[in-house]
Amino acid sequence: MPKAPPSTSTSGRPALRRNQACRSCRKRKLKCDAARPHCGTCVKQWQALVSVPAPVGYAHPSEPQCSYDPVEGLTLAPDTDPVEKIRQLESQISLLKGKLYEQQARSISPSHTPSLGAKSTPPNIPRPLSDNGGISLPHASLMNVITTDSPESRFRSESGSPELRSASSGSKQPSDPFMELLFSGWNPDLPDPATLNHYIDVFFRCDPCGSRVLHQPSFLASMLLSPRDPGFPHSAILHAICTVASRWSPQNVVTLPDGTRRDQFAEFHAGKTRQYIDKTMASGEDIFSVMQACILLSWYFYQEGRWVEVWIFAGFQTRVAVPLRLNYPGTFSTHGNSSPGAYLAPPKDLRDLESRRRTWWMTIVFDRIASVGGWIHAVDERDLGTELPLRNEDFESEVGTYPSNPQDLATADVFIRHPPQYTDSFLLLIKAVMLFGRVTDFNVRGSLRAATAPSKNQNPFFLDGFEALDKLVCVDFLENLPHIFKNNSGVTDAPEGGSLDTDLYMVHIIPHAATITLHNPYLDFTDSQCISTSRCVNSARSILAAYYMLSATSLDITRLHPFVTICWYLAAVVQVQLCKYFIEIGDTDRESTVWGEINVLRFAMLAYGQRSPIGTRQERLLQGLMREIVRMTGQKQPLEVGVPLYPFSSTTLWRKDGSHSEDGSSVPLPLSPPMDDHSSRNGSRPPAGWPMPNVTTNSSPGSDGMAGFV
C-alpha cells in the first residue's frame with residue numbers, strides 16, 4: 001500500500017536547519033517548532049508537569065526548561081556566566097537603540113519635537129490614564145524615574161511612549177532607567193522602586209492588621225535583592241501592600257454617589273492581587289506567599305465594608321490553610337495514614353515556623369471577626385492545634401532563639417493565665433477575639449436546633465454553659481490581665497508625643513462587645529435584678545468611656561483596628577434601646593442625655609469613615625436602627641436621616657421653628673458632647689441610681705441591631 005502523502009501544514013513548513021531546534025528537544029529527539037522563547041513541545045510538557053501538585057520538598061520550574069544555541073552575531077560559550085550573557089545582550093540592545101534613534105532623527109524635522117514642560121507629572125505620583133478612569137497603570141509609574149530634564153526625556157512623550165526627536169540627539173546614548181528596570185526583572189505592574197518602598201514603609205508603620213504576618217527585618221532586606229532572585233518578595237504580596245498602604249497614602253481617590261470613598265490606585269493593585277490568587281487556585285504554585293497576600297487583601301475589604309468579599313476570602317483562607325497543615329502543632333504533620341500529607345514542606349527555620357504560625361492565627365482571627373454577626377465559623381475551635389505565636393519583639397528579633405509558645409486554645413486556663421515571656425498586646429488581642437468567637441459559637445449553636453428563639457422571659461443562666469461563659473467573658477478575662485496591660489488602655493498622651501497601642505486598646509473593649517452580644521437577647525428592664533440588662537448597660541458605658549479617653553487626646557482614631565467600629569455599633573444598640581424606653585415614659589432629660597451619647601458613637605464612626613468606609617457604613621446602619629426604634633414608639637412620623645440628631649429630645653425633634661434645615665440636609669455633629677453625669681466616663685459602672693425600669697424591645701430577640709452590623 002503506498003504511503004499517505006504528507007499533510008499540507010507539514011510540507012508547507014520550512015525544515016529547520018542544523019542545531020536550530022531547542023537543546024531539550026534535540027537531546028530527547030522530539031519534534032521542535034523552534035518557537036521563541038519556548039518551543040511548543042517544551043511548553044506542553046511543562047504544562048503537564050505543573051498541573052500536578054509538586055511533591056514535598058520540591059518546587060516546579062517557573063517556566064519551561066527550553067534553551068537554544070547562541071544566535072549568529074552573539075558569541076557565547078555554553079558555559080558562559082549568565083550575568084555575562086545579560087551584559088552582552090544589554091550592550092547589543094543599547095547599540096541597536098542608538099542606531100534606531102539616529103535613523104529616526106534624520107527622518108523627522110525639529111518642528112515635531114513635543115513639549116514636556118507644564119504638564120509633566122510630579123515625581124513619585126503615578127500618572128492616571130484617561131481610558132482607565134484615573135487608575136495609575138504600572139508602566140506609567142516606572143516612567144517616573146525619568147524626569148523631564150533628564151537626557152532620556154528627549155525620547156519620551158507624556159504618555160511614556162518613544163518619540164522621534166531632532167538630529168541633535170548626539171551619538172552618545174545615556175542609560176535608560178525604564179529599560180534598566182525591565183532588564184533587572186522588575187514587575188512592570190508594580191510602582192517604581194522608590195514609590196514601592198514608600199508604601200512598604202507606610203504599611204509597616206500604620207497598618208494594624210495584616211502587617212503581623214510578615215517579618216519586617218527580613219522582608220526589608222529581601223527588597224534589596226534583585227527582582228530575579230528567588231528570595232525577592234512575591235509580587236502578590238507587594239501588590240497587596242500597595243492596596244493596604246494606600247489608605248494612609250491615597251492616590252486617585254473618588255467619592256461615590258453614596259458618599260463613600262474609593263481609591264482607584266488601591267483597586268488596581270487589589271485586582272492584580274486577585275489575579276495571582278486565581279492563578280494559584282489553578283496551579284497551586286507559590287501557595288503560601290499568595291495566601292499571605294490574600295490575608296492582607298481580606299483586611300482591605302473589611303475596612304472597605306465589602307461584606308460579600310469579606311465572607312468569600314474568609315472561607316478561602318481557612319480552607320487553603322487546612323491542607324497546608326497550618327492547624328497542626330509546629331504548622332506541619334506527617335503522621336496519620338488516613339489523611340494526606342501536608343502540601344508544604346517542613347519549616348526551613350524558626351523564622352519560617354513563626355511566620356506560618358502568624359499566618360494561621362491571622363486567618364483564624366479574621367474568620368472570627370467576620371462571623372460576629374451570628375455566622376458559624378469556618379474552622380471549629382476544637383480543630384485549632386497550632387500553638388499561639390511569639391511576642392512581636394521576639395519575632396522581629398535578629399538574635400537568639402525562642403522556644404515555641406506553650407499555650408494553645410486547648411490549654412485549660414489560656415484566657416486567664418498569661419506567661420510574661422509569651423504575652424504582649426498582640427497575643428492578648430488574639431485571645432480576646434477568640435473569646436468573642438466562643439460567644440458567637442454559643443449563640444449560633446444555641447439557636448441552631450432550638451425550638452424557639454431566645455426570649456427576655458427566660459433566665460439564660462439556666463442554659464447549659466452560659467454561666468461559665470458569662471463569668472469568663474464579663475469578669476475573669478479582664479480581671480486576670482497582667483498588671484502592665486490591665487492598667488494601660490493603650491492610649492498614651494504626653495507633651496513630647498502620644499502613642500496608641502491599637503491592639504491593647506481593642507483588648508480592653510472587645511470583651512465588652514462580646515458581653516453585649518451574649519446578653520442582648522435577654523434584656524428585660526421590668527426586672528430590676530436582671531443581670532443581662534446590667535451587663536449590657538455597663539459594657540456600653542465602658543466602650544463609650546474608652547472612646548472619651550481616646551478623643552481627649554490628639555491621637556488619630558483612624559489608626560485603630562477596624563473591628564472597633566463594630567464595638568461602637570454594639571454599644572449604640574444598647575443605648576438606642578435605652579433611649580426608646582425614655583421616650584415611652586416621657587423622661588426627656590435622660591432621653592436627651594442618651595441621644596447625646598449615641599451621637600458621640602455616631603461621630604466616632606463618621607470620623608473613622610473618613611479613611612475607612614466601614615465607619616460610614618456602620619453609622620448608616622445605626623441611623624436605620626434609630627429610625628425603627630423611634631417608629632416603634634408610636635410617634636407621628638419616623639426619625640429622618642438628614643435631621644440633626646444632637647442635641648434634641650422627642651418633644652423638640654420635629655419642632656417647626658426653623659431651627660432645622662428645610663431640605664433635610666445633614667448638619668455636622670458637635671465635637672464635644674455634653675454629659676449630664678460626667679462620672680460615667682471614668683469607669684464601666686453606670687452612675688448611682690441608674691434606673692432599671694422596663695425597656696420594651698418589640699423587635700425579635702437577637703435581631704435588634706445584632707444582625708445589622710454585617
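The exercises below, each followed by a worked solution, concern backbone geometry, one helix, cysteines and salt bridges in a predicted model.

**Exercise 1. Unusual backbone geometry**

Determine which peptide bond is cis and where its proline lies, and then describe the setting of Lys29 and Asp286, which have a positive phi.

*Solution.* Begin with the general expectation: most residues other than glycine have a negative phi, and most peptide bonds are trans. Against that background, the bond from Arg36 to Pro37 is cis, with omega near 0°, and Pro37 belongs to the loop that runs between α2 (23-28) and α3 (40-50). Next, take Lys29, a residue other than glycine whose phi is positive at about 55°; Lys29 is likewise placed in the loop between α2 and α3. With a relative accessible area of 76%, Lys29 lies over the 50% cut-off and is therefore exposed. Finally, Asp286, also not a glycine, has a positive phi near 55° and sits in the loop between α10 (264-283) and α11 (287-304). Its relative accessibility is 41%, so Asp286 counts as partly exposed.

**Exercise 2. The course and packing of α16**

Establish the span of helix α16 (residues 466-479), locate its bend, and state which elements cover its buried residues.

*Solution.* First consider the span: the 14 residues of α16 reach 19 Å from first C-alpha to last, which is close to the 20 Å expected at 1.5 Å a residue. The helix nevertheless bends, by about 40°, at Leu472. Leu472 is also one of the buried residues of α16, among them Phe466, Leu469, Val473 and Phe477, together with Asp470 and Asp476. As the last step, look at what covers these buried residues: the covering elements include α15 (425-448), α17 (483-486), α18 (502-519) and α19 (531-551).

**Exercise 3. Cysteines**

State how many disulfides the structure holds, and decide whether Cys209 and Cys579 are buried or exposed.

*Solution.* A disulfide is a covalent bond between the sulfur atoms of two cysteines. The structure holds zero disulfides. For the accessibility step, Cys209 has a relative accessibility of 0% and so counts as buried, while Cys579, at 1%, is buried as well.

**Exercise 4. Salt bridges across the chain**

Describe the salt bridges of Arg23 with Asp69, of Asp503 with Arg212 and of Asp367 with Arg368, and name the members of the network that includes Glu267.

*Solution.* The starting principle is that side chains of opposite charge can pair when their charged atoms come close. The structure holds 27 salt bridges. In one of them, the side chains of Arg23 and Asp69 meet at 2.8 Å, N to O; this pair links distant parts of the chain, since Arg23 is in helix α2 and Asp69 in the loop between α3 and α4 (82-107), 46 residues apart. Arg23 is partly exposed, its relative accessible area being 31%.

Turn next to Asp503 and Arg212, whose closest N and O atoms are 2.7 Å apart. This pair too links distant parts of the chain, with Asp503 in helix α18 and Arg212 in the loop between α7 (193-206) and α8 (216-222), 291 residues apart. Because buried means under 20% relative accessible area, Asp503 at 2% is buried, and so is Arg212 at 13%.

The third pair, Asp367 and Arg368, forms a salt bridge at 2.9 Å, N to O, and both of these residues are buried. Finally, salt bridges with shared partners connect Glu267, Arg274, Arg306 and Glu309 in one network.

How values were computed. Residues numbered from 1 in each chain as written. Predicted model: local features only at pLDDT ≥ 70, side-chain atom pairs only at ≥ 80, totals over all residues. Heavy atoms only, no water. Helix = DSSP H or I, 4+ residues; strand = E, 2+ residues; numbered from the N terminus. Buried < 20%, exposed > 50% of the residue type's maximum accessible area, 1.4 Å probe, protein only. Expected span 1.5 Å × (residues − 1). Bend = angle between axes of the 7 residues up to and from the residue. Contact = heavy atoms within 4.5 Å. Disulfide = S-S within 2.5 Å. Salt bridge = Lys/Arg side-chain N within 4 Å of Asp/Glu carboxyl O.
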